[in-house]
Amino acid sequence: MTRNQILKDTQAAYVTAEGAAYCGDSLDLLRQLPDDSVQLVMTSPPFALQRQKEYGNKEQHEYIDWLAEFATLVHQKLRRDGSFVLDLGGSYEKGVPVRSLYNFRIPIRFCDEIGFFLAEDFYWFNPSKLPSPIEWVNKRKIRAKDSVNTVWWFSKTENPKADVTRVLAPYSNRMKKLLDDPDKYYQPKMRPSGHDIGKGFSKDNGGSIPSNLLQIPNSESNGQYLSGCKAVSVKQHPARFPAKLPEFFIRFLSNPGDLVVDLFAGSNTTGQVAETEGRQWLAFENNIEYVAASAFRFLTKNDKPEEMQKIYKRICDRKTVDLRKYQLEKLPKIAAVTNSESYSQTSLLDYLAP
Ligand SMILES: C[S@@+](CC[C@H](N)C(=O)[O-])C[C@H]1O[C@@H](n2cnc3c(N)ncnc32)[C@H](O)[C@@H]1O
């Protein structure tokens, strides 16, 4: 079976070596997947914000019912040791400086009614987030700036696949000093917390155990994606998450070869990371323009704007773009040329099936 036929009833928008992107309502697309087939669903749904974003948001009271429909299907499609990671921003109640409880009601509903387990609650701290809401934070100065998203890690069973040694955090300077010269810095003792700080603490494990507070600025440049959008004069997706967020969970909760799905894929940050990490991936997104622009993530700066334009149009015209030959044959050639700026021998389009 070829990758553009993975879903029985839907044609892929584009296909890469490791994955495929589909345009459609994820409820329909998810239904087409075999049960117990997905290792990790990593996603960030449209948030239940009061302010309407350009891709539409549900009112808060409808929001949880709406999201629960997707979650029920996710539960069915996950492998027994699979995980469902959901990034959710917080919000305020309309017109009052009071927080909405919707993102806390979600884990309760998903665990009580759908059968998920909350494997761990994570918090994504984005230090580059702008102060909001303007009324309470900037104007009246009665609330602090909101810079943390909740990231719920749900699992289908109590023991999902997970290996924290694959996402170790860099050691602190203090720890590095201790590792360099354990005898100088290290005094074995029992801490008041009950932790026995023995010799094992001076062993270099390649990094420290990360905490469930992930500090990731959302300020990365998204190189090829943004330059593709610019070349083709299309708007970039307004709510992308930083690649480091899916990267953390993909490494932590799946192995190379496992299937990773993003059901609200937007600009397909998840698919791009999954591809780099050697995981198979599927991206579902119901806005064709977002899907078409997300293909730029798999091209290079050597591709010409007019070629990118053609790829974009082909996807918008609902013709599958197969990038596998391009990845297999053109990318290694580009990599082999020291001054890749000068690489212009073959057109990107020559590598695509007609
Ligand atoms: C917060 S954005 C995801 C952004 C993404 N994480 C990224 O890095 O680009 C949510 C996306 O879900 C899409 N969406 C909303 N409802 C959908 C549905 N029923 N099926 C598929 N996609 C949907 C929206 O168009 C939007 O692009």
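**Exercise 1. Describe how helix α7 and helix α11 are arranged, and list the residues through which they meet.**

Solution. Start with the axes, which are lines fitted to C-alpha atoms, for helices over the stretch in contact, with angles from 0 to 180 degrees between N-to-C directions. The axes of α7 (residues 223–232) and α11 (residues 305–316) come within 9 Å and cross at roughly 90°. That makes α7 roughly perpendicular to α11; angles of 65 to 115 degrees count as roughly perpendicular, under 35 as roughly parallel, over 145 as roughly antiparallel, and the rest as oblique.

Next, take the contacts, meaning residue pairs whose C-beta atoms, placed from the backbone, lie within 7 Å. From α7 come G228, A231 and V232, and they meet P305, M308, Q309 and Y312 of α11. By class, five of the residues in this contact are nonpolar, two are polar and none is charged. Here Ala, Val, Leu, Ile, Met, Phe, Trp, Tyr, Cys and Pro count as nonpolar, Asp, Glu, Lys and Arg as charged, and the others, Gly among them, as polar.

The model is predicted: local features need pLDDT of at least 70, side-chain atom pairs count only at pLDDT 80 or more, and totals for chains, interfaces and linings use all residues. Residues are numbered from 1 along each chain as its sequence is written.

**Exercise 2. State the secondary structure and burial of the chain.**

Solution. The chain has 12 helices and 12 strands; helices (H or I, at least four residues) and strands (E, at least two) are DSSP runs, numbered from the N terminus. Of its 354 residues, 34% are buried. A residue is buried if 20 or more other C-beta atoms lie within 10 Å of its own, exposed if 12 or fewer, and partly exposed in between, with C-beta atoms placed from the backbone.

**Exercise 3. Find the residues of helix α8 that are buried and the elements they pack against.**

Solution. Helix α8 (residues 244–253) is mostly covered, with seven of its 10 residues buried. These are L245, P246, E247, F248, F249, I250 and L253. They pack against β3 (38–43), β4 (78–88), β5 (117–125), β9 (213–215), β10 (259–262) and α9 (269–276). F249 is also one of the contacts of V85, leaving aside the neighbours of V85 within four places in sequence; the others are L40, V41, M42, V151 and W153.

**Exercise 4. Place K129 in the chain and give its surroundings.**

Solution. K129 lies in the loop between β5 and α4 (134–139). With 17 other C-beta atoms within 10 Å, K129 is partly exposed. Neighbours within four places in sequence aside, K129 is in contact with K145 and S147. D146 is 17 residues from K129 along the chain, and their C-alpha atoms are separated by 7.9 Å. P133 is found in the loop between β5 and α4, and a cis peptide bond with omega of about -5° joins S132 to P133.

**Exercise 5. Which residues have a positive phi although they are not glycines, and are they buried or exposed?**

Solution. K141 has a phi of about 55°, and so does S233. K141 is found in the loop between α4 and β6 (148–155), while S233 is found in the loop between α7 and α8. K141 is exposed, with 9 other C-beta atoms within 10 Å. S233 is exposed, with 9 other C-beta atoms within 10 Å.

Note on methods
Two residues are in contact if their C-beta atoms, placed from the backbone, lie within 7 Å.
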